[in-house]
Amino acid sequence: MTISFNDRVAIVTGGGNGLGREHCLAYARLGAKVVVNDLGGAPDGTGSSTSAAQSVVDEIRAAGGEAIANGANIAKRDEVDAMVEAAMAEWGRVDILVNNAGILRDKSFAKMELDDFQAVVDVHLMGTANCCKAVWPIMREQNYGRIVMTSSSSGIFGNFGQANYSAAKMAVVGLMNTLHLEGTKLDIRVNTIAPFAGTRLLEGLMPDDLLALAAPGQVTPAVLFLTSHDAPSRTMMGAGAGAFSVVHIYETNGKFLGTEGVSADDIATNWEEISSAQNERESQNAGEQSQHFLALMQKALG
């Protein structure tokens, strides 16, 4: 199997540097027409410039590809709408959206200002939602779409000093889960990448030798796979430094303790069985948990 993006149109946010730049260049090499979106600000989201995005566009065009630069702030709905309209005006369709843009404002939660919490959530969560909302009707009309959310191990597992970033990065996993369900019948597949890469957002936070091993381009094959024609959907994929994995969220089998008079002491007494990983499972939607709980009750009551 050879993955190709001929005649596909891809929008990559945060495409001017790091991971986004590598994604854009790879899509173009494999035949896609690319919207290189980048606000061009600092890692904390301040400032703006289209020079980074234009530099990537120039590189793509020099290699014979097609691309346009866009400086939309993804936290602003009107700018995102204008970006998608520009893609439609240029090529008449949007097949792929890679939600990659992000900022960092790290501090321990005790020292973090809520304005910095809000700013990070606005970019990572609301920016992702804005972009998905703008392309969703196009993908529905086409009966085809591929969307990738960019999460993080910080969001899935937590990381000291990143409460704002972690909250937003786990939130996009929930967005993926629901958009997967709503897009399935229309061949809109939605996945999440949790990258490990030596980008400018990690400069000063990791030793230089480790950053060098985790080149951004080593994440890109996972993004290409997750947006290909035969991609899976509702998959969280870890990628970085040449390694790839899939992350699952499991729930234990649990135990029915009754519908009346259950106390916290009862939970404590049964904790070992309630928390046992034996027969744990992955629900495909919220209703499956409810159905499982009802099944536990019916089994216990005979």
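**Exercise 1. Place Ala 101 in the fold and decide whether it is buried or exposed.**

Step 1. Ala 101 is found in the loop between strand E4 (96–99) and H4. Helices (H or I, at least four residues) and strands (E, at least two) are DSSP runs, numbered from the N terminus. The model is predicted: local features need pLDDT of at least 70, side-chain atom pairs count only at pLDDT 80 or more, and totals for chains, interfaces and linings use all residues. Residues are numbered from 1 along each chain as its sequence is written, and side-chain values use heavy atoms, with hydrogens and water left out.

Step 2. Apply the accessibility classes: buried is under 20% relative accessible area, exposed is over 50%, partly exposed is in between (1.4 Å probe, protein chains only). Ala 101 has a relative accessible area of 16%, so Ala 101 is buried.

Step 3. List the contacts (heavy atoms within 4.5 Å). Not counting residues up to four places away in sequence, Ala 101 touches Thr 13, Gly 14, Ile 74, Val 123 and His 124.

**Exercise 2. Classify the aromatic pairs.**

Step 1. Rings of Phe, Tyr and Trp (its six-membered ring) pair if their centres lie within 6.5 Å; planes under 30 degrees apart are stacked, over 60 edge-to-face, the rest tilted. This rule gives two aromatic pairs.

Step 2. Take Phe 5 and Tyr 27: centre to centre 5.0 Å, planes at 80°, hence edge-to-face. Phe 5 lies in the segment before strand E1 (9–12) and Tyr 27 in helix H1 (residues 18–29), 22 residues apart. Both Phe 5 and Tyr 27 are buried.

Step 3. Take Phe 109 and Phe 117. Their centres are 6.4 Å apart and their planes at 70°, so this pair is edge-to-face. Phe 109 is exposed at 56% relative accessible area. Phe 117 is partly exposed at 22%.

**Exercise 3. Describe how H4 and H6 pack.**

Step 1. Helix H4 (residues 114–142) and helix H6 (residues 163–183) pack at about 20°, with axes 8 Å apart. Axes are lines fitted to C-alpha atoms, for helices over the stretch in contact; angles run from 0 to 180 degrees between N-to-C directions.

Step 2. Angles under 35 degrees count as roughly parallel, over 145 as roughly antiparallel, 65 to 115 as roughly perpendicular and the rest as oblique. H4 and H6 are therefore roughly parallel.

Step 3. Residues of H4 at the contact include Phe 117, Val 121 and Trp 136. Those of H6 include Tyr 165, Leu 175 and Leu 179.
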